[in-house]
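Hi,

Here's the structure I said I'd pass on to you. Have a look at it first, and then read on for what turned up.

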Amino acid sequence: MSAANEPIALNLCVLTVSDSRTSADDTSGDYLVSVLQASGHRLAERALLPDDRYRLRAAVSQWIADPAIDGVLVTGGTGFTGRDSTPEALLPLLDKEMPGFGELFRAISFEEIGTSSLQSRAFAGLANATFVFCLPGSTSACRTAWEKIIRAQLDARTKPCNLATLKPRLKE
């Protein structure tokens, strides 16, 4: 696995998990769409669903079953309230967890929000050779995750290695 000389455009989906947001005020979803496109990736699909583990699992299952989808960015539902169910919904779909993502996200977040970072259950992994990143629902948390972790790992030019150039080998 190594870096490439040219960017690789990935097909990404964005899912916002919220009982209170609508498409008119989904700032986190809007942010993720804008930055993935600005980075040269394509928005394959976008959805906004309530905190319902079975609906979340169904939507993400459909995306990870589609060989044209390279990754899914999920925002919301990673906290501790009674309705937060993104980890319970999506962890069972993962073939492999990426523990370093959640650990790194919380370490970076600690520098920004202190011990409140321990309330994040952000995680990532692979499901059917599709990258799945699950982020908190706040736009600032999505910005932290994108700018400090995800953008570089989805950029084929990142050295010494990145997830984008690993993509063709995920089903070996």
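Which residues of H1 are buried? They are Ser-28, Gly-29, Tyr-31, Leu-32, Val-33, Val-35 and Leu-36. Keep in mind that this is a predicted model.

A bit more on that helix. H1 covers residues 27-38, twelve residues in total, and its first and last C-alpha atoms are 16 Å apart, close to the 16 Å expected at 1.5 Å a residue. Just past the end of H1, Gly-40 has a positive phi of about 95°.

And what sits over those buried residues? The cover includes four strands, S1 (11-17), S2 (42-49), S3 (71-75) and S6 (130-135), along with helix H5 (139-153).

Now for the sheet. It's an open one with six strands, in the order S2-S1-S3-S6-S5-S4, and the pairing is mixed. S2 and S4 (96-97) are the edge strands, each with a single partner, so one side of each has no neighbour in the sheet. H1 packs on this sheet, where it touches S1, S2, S3 and S6, and its direction makes about 175° with that of S2.

If you want a spot to zoom in on, try S1 and S2: they pair in the parallel sense over seven bridges. Leu-15 is opposite Ala-47 in S2.

One last helix: H2 (residues 53-65) lies across S1, S2, S3, S5 (123-127) and S6, and it runs at about 175° to S1.

Cheers

Key
Residues numbered from 1 in each chain as written. Predicted model: local features only at pLDDT ≥ 70, side-chain atom pairs only at ≥ 80, totals over all residues. Heavy atoms only, no water. Helix = DSSP H or I, 4+ residues; strand = E, 2+ residues; numbered from the N terminus. Expected span 1.5 Å × (residues − 1). Buried < 20%, exposed > 50% of the residue type's maximum accessible area, 1.4 Å probe, protein only. Contact = heavy atoms within 4.5 Å. Pairing = 2+ DSSP bridges. Axes fitted to C-alpha atoms, helices over the stretch in contact; angles between N-to-C directions.
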